[in-house]
Amino acid sequence: MDLRLSGRTALVSGSTQGIGYAIAEALLREGASVTVNGRDPERVRAAVAGLTAAVPGAKASGLAADLADPEQVSRLLGDLGSIDILVNNVGLFEVAPFADIHDEAWQRYWEVNVMSGVRLTRHLLPLMLERGWGRVIFVGTESGVSVPGDMLHYGVTKAGVLALSNGLAKLTRGTEVTVNTILGGPTYSDGVADAVAQISQAQSVPVDALKAAVIGGNQTSLLERFIEPSEIAHLAAYLASPVSSATNGAALRADGGVLTGIL
Ligand SMILES: NC(=O)c1ccc[n+]([C@@H]2O[C@H](COP(=O)([O-])OP(=O)(O)OC[C@H]3O[C@@H](n4cnc5c(N)ncnc54)[C@H](OP(=O)(O)O)[C@@H]3O)[C@@H](O)[C@H]2O)c1
């Protein structure tokens with residue numbers, strides 16, 4: 001299928017590694033120009049270099065900004081050219097007992113997981129509506145639908161992302177702009193790999209055994225393995241494409257079958 005992304009411009013938030021990086025790569029492979037983002041200029045430069053080396057003819061550039069900081073978001077938006085496709089990917093996650101999640105962590109999760117998307121979309125969506133075409137994609141999670149008891153700050157903020165995305169889609173009525181969310185499931189991103197490596201070292205358990213235990217402990221995964229970042233990225237590339245024009249205001253699952261409902 002030709003996704004007809006040649007000539008389109010995209011921003012992927014939080015894309016120096018993991019799912020964001022895979023989405024940037026998928027969009028570049030389809031011919032879009034992509035701006036990658038992360039907090040550290042050196043890591044952003046490295047990501048742009050990696051993508052340029054991996055994808056022949058890639059039009060990749062980078063903008064460093066901490067998306068938890070409104071001033072840095074404003075600066076990024078000022079430096080950004082015209083954007084057709086916004087992928088709100090950046091997100092924090094960690095396992096933590098509810099009693100140990102203090103106000104500061106709740107606020108940090110709110111700023112990164114919800115407000116980064118609010119601020120970027122508030123600026124870019126009106127411009128897409130003016131130009132008559134655009135795509136806003138949120139990278140959500142099944143944890144925003146079935147909230148884990150040991151990741152409440154994650155699940156609650158990601159439930160907020162689902163509401164935000166659904167509401168924003170209602171602003172696009174009668175246009176060729178769409179707003180959708182991907183419901184990811186357990187994905188072996190760089191962030192997850194780092195966490196697994198740390199636990200492996202701390203508990204002297206081999207990485208493979210830990211990976212198997214995490215997926216084995218998940219009673220509902222139909223995939224019975226971790227999802228690869230590229231498997232999320234393929235859905236993102238489809239949603240970014242003009243061919244997905246009839247999908248709007250939706251939450252689409254790439255969760256390995258973790259959610260058990262029909263819809
Ligand atoms: N992995 C999973 O199992 C899974 C499942 C479902 C959904 N998701 C969602 O997928 C998204 C990406 O997850 P991931 O696992 O790929 O994460 P990851 O590997 O930890 O990567 C996170 C990315 O975000 C950037 N970042 C972090 N804080 C930032 C900030 N304040 N401002 C700008 N950039 C920032 C990091 O760049 P720097 O460190 O260079 O700043 C990095 O590029 C998240 O929204 C997550 O909720 C993940």
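1. A charge counts as sitting over a ring if NZ of Lys or CZ of Arg is within 6 Å of the ring centre and within 35 degrees of the ring normal. Arg 8 meets this with Trp 133: its charged end sits over the ring, 3.7 Å from the centre. Lys 211 does likewise with Tyr 188, lying over the ring face at 3.9 Å from the centre. Note that this is a predicted model.

2. Aromatic pairs are a separate matter. Searching the whole structure turns up 2 of them.

3. Now the ligand. Its shell holds 31 residues. The closest are Thr 16, Arg 43, Asn 89, Tyr 154 and Ser 189. By class, the shell has 16 polar, 10 nonpolar and 5 charged residues.

4. Three contacts to ligand oxygen atoms deserve a look. An N or O atom in the Ser 189 side chain is 2.5 Å from one. For Arg 43, a polar side-chain atom lies at 2.7 Å. Ile 19 uses its backbone instead: a polar atom there is 2.8 Å from a ligand oxygen. Taken alone, the ligand exposes 900 Å², and the protein buries 92% of that.

5. Where does the shell come from? Helix 1 (18-29), helix 5 (152-169) and helix 6 (190-203) each supply at least two residues. Strand 2 (33-38) and strand 5 (133-141) each do so too.

6. Which domains give residues to the shell? Domain 1 (9-187 + 228-254) and domain 2 (188-226) both do, so the ligand lies between them.

Definitions and conventions: Residues are numbered from 1 along each chain as its sequence is written. This is a predicted model: local features need pLDDT of at least 70, side-chain atom pairs count only at pLDDT 80 or more; totals for chains, interfaces and linings use all residues. Side-chain values use heavy atoms; hydrogens and water are left out. A residue is near a molecule or strand if one of its heavy atoms lies within 4 Å of it. A polar contact is a pair of N or O atoms within 3.5 Å; within protein, one must be able to donate a hydrogen and the other to accept it, and residues adjacent in sequence count only if both atoms are side-chain atoms. Accessible areas come from the Shrake-Rupley method with a 1.4 Å probe; for residues, only the protein chains shown count as cover. Helices (H or I, at least four residues) and strands (E, at least two) are DSSP runs, numbered from the N terminus. Ala, Val, Leu, Ile, Met, Phe, Trp, Tyr, Cys and Pro count as nonpolar, Asp, Glu, Lys and Arg as charged, and the others, Gly among them, as polar. Domain bounds come from an automatic or database domain assignment. Rings of Phe, Tyr and Trp (its six-membered ring) pair if their centres lie within 6.5 Å; planes under 30 degrees apart count as stacked, over 60 as edge-to-face and the rest as tilted.
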